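Reader: I would love a close look at the part of this model where the two chains come together in a sheet. Could you walk me through it, strand by strand, and then through what packs on it?

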Amino acid sequence: MINHRVGSLLTGFALAGLLRAQEAKAEAKPPDPAQAMATALAKAQKHNKRVLAAFLIKEDAAGAAIEAAMKGKEFAHLLLYEFETASIGPLAKAGADLAAKYGVDPGTPALVVLDDKGKKLGAIDGEALVKDGEVRTEAVMTALKKLTCAPLDGEQVLAAALVEVKKADKRLLLTFDAPW
Amino acid sequence: MLEEFLGRPKVAAAMAKDWVICTVDVDRMTHGKVINDRLKGDREGGLPWLAILDAAGKELISSNDPKKKGANIGAPAQPDEIDHFLLMLNQTKQHCTEADMTAIEQELREFAKPYQRPGR
């Protein structure tokens, strides 16, 4: 078996592993912004999450600081549970197009929250994001938490699936899982 | 891992003939843990835990493998876990052909290789 739920210790390991895997992937090949956005939207739709479009210039001090803050334990937990993150390098053509679409200044770091259809729900940028060179982690997390999805009711999800099973003369493969 | 496997085009096409796939997130969905506890009872668990139900909600088989004293196979990666997962499908299929089942098995055995621990 791959996963056993034994509490927060494992969650921490899982988060660390996830971040290492994401870093390894990022180092291997920078993601195409449009593809990153499409993937994040598809996953958000499937998992009842929001998309966090991170418009960051990695070479920029503020961009690097925000990226580092997002890897902090609590921030990473929030992202893992409630958001599908799309890293958008705003200097590339596709990134600049997305920045224009969502009203982001390509030269300024910004975190944009979208619903699973791609509708912009909010954005955090400027001094709300970084002030005097410091990422305003707590304030950013508070703002992001206000934009998360309402949770689905598992009983309703299960009941709807059983209706579909009956209608289609199928069986239900029911899986229990968690974001970690 | 399981979600990624079930999303592979060949697997998804074959699975769609017989199974509706539903994931309950025990951490993020309200009542998720309650449903997990209700269906799993006191059997060995951990996540992921799987069950195949009929349209009335009656469990037909679960990821607890009787050949391993009821251990939960979770996301099937090891050969014995894959065997039990395939048994779950074979025991509950109604419309899938042999070719469908062969496709699922081949895809799973290939997909699981990077996740397998040596010496098992």
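Author: Happy to. The contact takes 29 residues from chain A and 39 residues from chain B, where two residues touch if their C-beta atoms, placed from the backbone, lie within 7 Å. This is a predicted model, in which local features need pLDDT of at least 70 and side-chain atom pairs count only at pLDDT 80 or more, while totals for chains, interfaces and linings use all residues. Residues are numbered from 1 along each chain as its sequence is written, and chains are lettered from A and ligands numbered from 1 in the order in which they are written.

On the chain A side, helix 7 (154–168) and strand 7 (171–177) each supply at least two residues; helices (H or I, at least four residues) and strands (E, at least two) are DSSP runs, numbered from the N terminus. Helix 7 of chain A gives the largest share, 10 residues. By class, the side of chain A that touches chain B has 17 nonpolar, four polar and eight charged residues. Here Ala, Val, Leu, Ile, Met, Phe, Trp, Tyr, Cys and Pro count as nonpolar, Asp, Glu, Lys and Arg as charged, and the others, Gly among them, as polar.

Now to the sheet. Its four strands are arranged in the order 1(B)-7(A)-2(B)-3(B), forming an open sheet with mixed pairing; strands pair if DSSP finds at least two bridges between them. Strand 1 and strand 3 of chain B are at the edges with a single partner strand each, so one side of each is left without a neighbour in the sheet. From one strand to the next, the twist averages 25 degrees.

Strand 7 of chain A runs parallel to strand 1 (residues 19–25) of chain B, over seven bridges. Among the bridge partners, Leu172(A) goes with Val20(B) and Phe176(A) with Val24(B). With strand 2 of chain B, strand 7 of chain A is antiparallel, joined by five bridges, and Leu173(A) stands opposite Ile52(B).

Strand 2 (residues 49–53) of chain B has five of its five residues buried, so it is largely enclosed by the rest of the structure; buried means 20 or more other C-beta atoms within 10 Å of a residue's own, exposed 12 or fewer, and partly exposed in between, with C-beta atoms placed from the backbone. Side chains in a regular strand alternate between the two faces of the sheet. In strand 2 of chain B, Trp49(B), Ala51(B) and Leu53(B) point one way, and Leu50(B) and Ile52(B) the other.

Three bridges join strand 2 of chain B to strand 3 (residues 59–62) of chain B in the antiparallel sense, with Ala51(B) opposite Ser62(B). These two strands form a hairpin with five residues between them, and Gly57(B) in the turn has a positive phi of about 90 degrees.

Finally, the helices. Helix 7 of chain A lies across strand 7 of chain A together with strand 1 of chain B, running at about 175 degrees to strand 1 of chain B; axes are lines fitted to C-alpha atoms, for helices over the stretch in contact, and angles run from 0 to 180 degrees between N-to-C directions. Helix 4 of chain B also packs on the sheet, touching strand 7 of chain A together with strand 2 and strand 3 of chain B, and its direction makes about 160 degrees with that of strand 3 of chain B.
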